[in-house]
Structure formats: C-alpha cells, structure tokens
Amino acid sequence: MSMGTFSVEMGIGAPQGLRYEYVEALVDSGPTYNILPASMLRRLSVEVWRNGTFGLADGRSIRRDLGQTRIRLNGEESIAPVIFGDEGVQPLLGAVTLEIFQLGIDPVGKRLIPVDGLMMSATPEISNQK
C-alpha cells in the first residue's frame, strides 16, 4: 500500500437491504466504480445490470459485469454501482460512490471527509430580459 492509500470498512448489501457483508475496501479515487469479488455479489443476490469495458493501469482493457446494490459507508446508506471482480480481488471504493456519498479523500489524515456537491446553478438563467 502506498503512502496515500488507506482502507475503510464498507458494507455491501443485498439489493433488498436484508443482509450485509463487510469488507475492508481500499480507498482510491482512480477506479470509477467499486470493485468486489463476484462470489460475494452473487451470494448477496446482486444481479448483473450490464457488461462494460474498463481500462487497467497497465493500458489493457477488460470486460466485466456491472451491478447496482446497497452500500453502507460512514454511517450512511445508498445504492451504488459495483464491478463483479475476480476471486481474490482487493475490494476498492471507487470515485462514483465517493461522489454519491459526498465524500472526499484526506490522504494525509488517511480518512474520508465530507465535501459539498457541485451544481451549475440554483435557479434557471433568465435570458433576453431587458
């Protein structure tokens, strides 16, 4: 693990929210989606939503199944996308889930911190008014 990386406990829930399994997930803003072992997701009855292509750090691309399920993080719960990873894969907390939970990364303190979401405008632009 490099100096700027750390792990957090992340709950992975069955889509109905009736049961959860917990993992130590590596916090990394690089991966788009959470990555978890496919066997865990199947055990929790997470269904494949679609198949996607994902770039790897070494420049290769691979295809993996993608699902959506309940995630518990920092005392909150939401639906987030998950990649069905190979067995033995290091669970990863991806950028989309960080955005869903409005969390940022404090690499020095090795913790997740609340951040404000971004909007373009709170009110519609009024054009052509004189």
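User: In what order do the elements of the protein chain run from the N terminus on?

Analyst: The order is β-β-β-α-β-β-β-β-α-β-β. That gives 2 helices and 9 strands. Keep in mind that this is a predicted model.

User: What makes β4 and β5 a pair of strands?

Analyst: Two strands pair if at least two bridges are found between them. Strand β4 (residues 48-55) and strand β5 (residues 61-73) have 7 bridges, in the antiparallel sense. The cut-off is at least two, so β4 and β5 count as paired. One of the bridge partners can be named: Phe54 is matched by Ile62 in β5.

User: What do β4 and β5 form, and how many residues are between them?

Analyst: They form a hairpin, with 5 residues between the strands. Gly59 sits in the turn and has a positive phi of about 95°.

User: Why is Thr97 called buried?

Analyst: Buried means under 20% relative accessible area. Thr97 has 0%, so Thr97 is buried. Its place is in helix α2 (residues 95-100).

User: Which residues does Thr97 touch?

Analyst: Leaving out residues up to four places away in sequence, Thr97 touches Asn34, Ile71, Leu73, Ala80 and Pro81. To count as a contact, heavy atoms must be within 4.5 Å.

User: Why does Glu76 count as exposed?

Analyst: The cut-off for exposed is over 50% relative accessible area. Glu76 reaches 52%, so Glu76 counts as exposed. Glu76 lies in strand β6 (residues 76-85).

User: Which residues does Glu76 touch?

Analyst: Ile71 and Phe101, again not counting residues up to four places away in sequence. Ile71 is also among the residues that Thr97 touches.

User: How far apart are Glu76 and Gly17 in sequence and in space?

Analyst: In sequence, 59 residues separate them. In space, the C-alpha to C-alpha distance is 13 Å.

User: What share of the contacts in the protein chain joins residues 24 or more positions apart?

Analyst: Such residues account for 52% of the contacts with a separation of 6 or more.

User: How many residues does the protein chain have, and what percentage is buried?

Analyst: There are 130 residues, and buried ones make up 37%. The exposed area of the protein chain is about 8,300 Å². Carbon and sulfur atoms supply 51% of that area.

User: What box do the C-alpha atoms fill?

Analyst: Taken along the principal axes, the box is roughly 65 × 35 × 35 Å.

User: How many charges does the protein chain have, and where are their mean positions?

Analyst: There are 12 positive and 15 negative charges. The mean positions of the two sets are 4 Å apart.

Note on methods. Residues are numbered from 1 along each chain as its sequence is written. This is a predicted model: local features need pLDDT of at least 70, side-chain atom pairs count only at pLDDT 80 or more; totals for chains, interfaces and linings use all residues. Side-chain values use heavy atoms; hydrogens and water are left out. Helices (H or I, at least four residues) and strands (E, at least two) are DSSP runs, numbered from the N terminus. Buried means under 20% relative accessible area, exposed over 50%, partly exposed in between (1.4 Å probe, protein chains only). Accessible areas come from the Shrake-Rupley method with a 1.4 Å probe; for residues, only the protein chains shown count as cover. Lys and Arg count as positive and Asp and Glu as negative; His and the chain ends are not counted. The place of a charge is taken as NZ of Lys, CZ of Arg, CG of Asp or CD of Glu.
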